[in-house]
Amino acid sequence: MASLFKALTSDESTKKDSPAPKSRILILSSRGITYRHRHLLNDLVCMLPHSRKDAKLDTKNHLHYLNEVAELYNCNGVAFFEARKRQDLYLWLSRAPNGPCAKFHVHNLHTMSELNFTGNALKGSRAIVSFDKSFDLTPSTALIKELLVHTFSVPRGARKSKPFIDRVVSFTLADGKVWVRHYQIQIGEKKEAEKGEDTELIEIGPRFVLTPIVILEGSFGGPKVFENKEFVSPNAVRREVRERKALRAGGREGARVKRSVKKKEVAREQAVAKAMEREFDDAVLFA
């Protein structure tokens, strides 16, 4: 009873702070990803020690199943890579199970194995998540910033994480796109004339660009909060290129038909002219 009375009458300031809720990210992909997409997914798993990699999802139309998968693995965040036509890659970032979620188009991606940068960080270490000040200008970009923070910031004491900070994950907003870079923090000694330490950023990889497409209120569903009207799908771009090539090919085919018709007309005129010459020949007239 005495301990219960002491617990009820003690000030809130004297109580120990409750531990912060753990954050776990479920990372998985759909069927049809290429080897470069798979290497990017593996690089992100190495970057995020608090992530949980799962098998490929068989469906692309019922994405709300991902909330159940995240609940099954005790994850409160989902990073889902959706492949289209084995060449286009889309990224879904969601806070399960209540949302919000955002869909991005991933392009200009380069994995660690492709870049061969000299940067090298400790596996499992925590990273400093750096954002451009342009993220705070509009509500939609501020919401995207929060989703990226919840996904890429490794909480203290997370699973498989080490208590070191030697990396920086940079997010820059330019031309309506999010440019992602990954650096190593290298600390070296300055010259003899200068005092202190010299800090340098060396890029590790991967690097890629995210184009926001849509933000939904719920997790993989719900009303639209934001929609990028300027986004043009790569499939539409390829269709336009094919139509232009078809027009050029149709023009060449029409010109070829005109040339063949012209050749036939010229041959017919030449045959008629030769027949008339034979009719008015002196040997024929005065035979």
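Trainee: Which are the buried residues of helix 3?
Mentor: This is a predicted model, where local features need pLDDT of at least 70 and side-chain atom pairs count only at pLDDT 80 or more, while totals for chains, interfaces and linings use all residues. Residues are numbered from 1 along each chain as its sequence is written, and side-chain values use heavy atoms, with hydrogens and water left out. Buried means under 20% relative accessible area, exposed over 50%, and partly exposed in between (1.4 Å probe, protein chains only). In helix 3 (helices are DSSP runs of H or I, at least four residues, and strands are E runs of at least two, numbered from the N terminus), the buried ones are L66, N67, V69 and A70.

Trainee: Within what arc do those buried residues fall, seen down the axis of helix 3?
Mentor: The buried set is L66, N67, V69 and A70. The arc uses the directions from the helix axis to the C-beta atoms. The buried residues of helix 3 line one face of the helix, because they fall within an arc of 160°.

Trainee: And which exposed residues sit on the face turned away from the buried side of helix 3?
Mentor: Start from the buried side, with L66, N67, V69 and A70. Turn away from that side, and the exposed residues on the face of helix 3 are E68, E71 and L72.

Trainee: How many salt bridges does a search of the whole structure find?
Mentor: A salt bridge here is a side-chain nitrogen of Lys or Arg within 4 Å of a carboxyl oxygen of Asp or Glu. One of them joins R207 and E203 at 2.7 Å, N to O. Across the whole structure, the count is 9.

Trainee: How many residues apart in sequence are the parts that R31 and D58 tie together?
Mentor: The side chains of R31 and D58 meet in a salt bridge at 2.9 Å, N to O. R31 is in the loop between strand 1 (25–29) and helix 2 (35–47), and D58 is in the loop between strand 2 and helix 3 (65–72), so the parts tied together are apart in sequence by 27 residues.

Trainee: In the R207 and E203 salt bridge, is E203 buried or exposed?
Mentor: Look at the partner too: R207 is partly exposed at 23% relative accessibility. E203 has a relative accessible area of 12%, so E203 is buried.

Trainee: Which residues are linked with K224 in a network of salt bridges?
Mentor: One bridge to look at is E227 with K229, at 3.5 Å, N to O. E227 is partly exposed at 36%, whereas K229 is exposed at 70%. The residues linked with K224 are E227 and K229.
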